[in-house]
Amino acid sequence: MKTVSYLPLLAAACLALAGSGCSGPPPDPGGDGPAGGGAAAHGLPDFDSRSWVRIYDPERAWNGYTLLFYGARIPMLVDMNGRVVHAWPEVRVKSRVRLLEDGSILAIALGRAIAEYDWEGNLVREVPLPELLPHHDVIRLANGNTMVIVGRKGEKTDDLLEIDGAGETVWHWRAAEHLAHLLPEEPTERRDLTHINSVQELPPNRHHRAGDRRFAPGNLLVSARNMNLAFVVDRQTGEVVWTWGEGLDMQHEALMLGPGLPGHGRIQVFSNGYWNLHDYRASRILEVEPARDEVVWQYRSDGFFSPTGGVQQPLANGNVLIGSTRGGRVFEVTREGEIVWQWAAPFDPVRPGRYAYDHCPQLASLPRPAEVPVRPPPGYRHVDPPIYRFASGRELRKVDVDRKRRFFLADNGHCQRLRLPAAPTVQVTYGLDGRWLGRRERRGQAVRFALLVAAEGGERVELFSDRVPLKKKIDERTRTLGLEPWATRAVEMCVVTEGVGRGGGEAAERVAFWESPLIRPGDLFEEPAEVELAAEDLTPEEAEARREHLRTLGYVQ
């Protein structure tokens, strides 16, 4: 059995979002070191992950341990107050890790393999897939086998593989064969037609008990992001027997609620809202009654938006755990949409999962952790960064300046609707490049730069104005401005560029430039703390496998 060895991680410093409440982090019985939280004792850098828990209501949250990635690659378990209770510091995984009932973890390994590690982090089983690219999801089936999503070089659709304990493929489902009637008929240059990103083995459910054979336990519920489609595959025939796509927008994580969960038999989906990036910027958690194809519950907030990535997990008390990957947080909401737990780390969270205190023997043997409420300071509200990003890639132009690649706004009169975070500031970089203009063209000319902001229904306010004369050189200026009057409010922000003198606005369009204004939230919590983030150090083979994985999924060319 092949064993992959991974090089140690490099360390990169960054500034953590810190403080867990108005009066600092909760007490840490049994914590080690001045930072507390137990991170160092589990082989991780000595950070205080308690400071990343921003909201916690023990009375209304579904209390347990949350499986997360540290630095996007190292699995770790934290309690409700953010204390690290266990980690697998030698393990490096991508896409998904699942905690099994014996305390081992099942994961998609870096490169081309799926792997299983015991509680101590020892590699106990690995299945190399040298001709395939496992990605996004892996699950343990009721029969003890493993199901994984794979891509194949040169193919535009995904496959599902069932692998037995000996590492042999015992069932192989090809999307190209069974989804042909739903795929484009005309040739397309798109590399990734399906982009399957989750698979679930259907649990026992009321639909099947009522005679609906489409939802037989053991059938597979699948999410195909690039088709905006969730569907059920019959395990006996391989045929697609149920589909739903109304209102879906590049979705993730199609899950049927199992026995014991409120609303069992319904299906939840994380609809990202990727294509509304330039409009209202919002993601939704949808809960569907599959027998009627009807949305019966949804969660949406004007501060919640992860255009890519993201998962949700229905919890036993009816709450939902949501991983807003691009929003930089994991949070738990009630059916009424109230946040009762929130974790905001200085790195994007990847596919988190909540587990009961007694999920496996190793967790059951731990003393029940303290459950200390965390109340945020006045004015705190998390707004996911994509909501206050001023411009996206297609609104920027690449320019070479002094042999360096720069990205400037394609439209020097760009306006953007967005919602600002708490205690916001904006950094603007703007200027002129008049080196290619002749002296006569520059004579007497200047360009006015200004930044305007207006709350919904309000008048525009000019935050600053700067008149820059045209010279035969680069004149670049940067300034930082406060946005406190509009904190957490919906606004329209505009950059203004006006030419003055001969040539007017035409000259300004040719030589003037703006970088996309950079909006940052202020930290309303107490003292910030430094944390070392894990950076990957891959072997050349692993790096090439990663590049091919991303090319196959259409992320890079």
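Which strands each supply at least two residues of the lining of the largest pocket? Hold that thought. A word on confidence comes before the pocket.

This is a predicted model. The chain averages a pLDDT of 87. At least 70 is the score for 84% of the residues. Two stretches fall below 50. One is residues 1–36, with 115 contacts in the model beyond near neighbours in sequence. The other is residues 500–506, where twelve such contacts turn up. Where pLDDT is low, the predicted coordinates should not be read in detail.

Now the pocket. The largest one holds about 1,200 Å³ of space. It is lined by 36 residues. Closest to its centre are R98, Q200, Q313, Y355 and H359. And the strands? They are β6 (93–99), β10 (132–140), β14 (196–201), β18 (252–256), β22 (311–314) and β26. Each supplies at least two lining residues. By type, the lining has 22 nonpolar residues, six polar and eight charged.

Next, two backbone details. Take D293. This residue is not a glycine, yet its phi is positive, about 50°. D293 sits in the loop between β20 (284–289) and β21 (294–299). Its relative accessible area is 35%, so D293 is partly exposed.

Then R351. Here too phi is positive, near 45°, in a residue other than glycine. R351 is in the loop between β25 (339–343) and β26 (353–355). Buried or exposed? R351 is buried, because its relative accessible area is 10%, and the cut-off for buried is under 20%.

One link to take away. β26 follows the loop that holds R351, and β26 also supplies at least two residues of the pocket lining.

Notes:
Residues numbered from 1 in each chain as written. Predicted model: local features only at pLDDT ≥ 70, side-chain atom pairs only at ≥ 80, totals over all residues. Heavy atoms only, no water. pLDDT = per-residue confidence, 0-100. Contact = heavy atoms within 4.5 Å. Helix = DSSP H or I, 4+ residues; strand = E, 2+ residues; numbered from the N terminus. Buried < 20%, exposed > 50% of the residue type's maximum accessible area, 1.4 Å probe, protein only. 1 Å grid on protein atoms, 1.4 Å probe; cavity = no way out; pocket = protein on both sides within 12 Å on 5 of 7 lines; lining within 4 Å. Points joined across faces, edges and corners; volume = space filled by probe spheres on them. Nonpolar A, V, L, I, M, F, W, Y, C, P; charged D, E, K, R; others polar.
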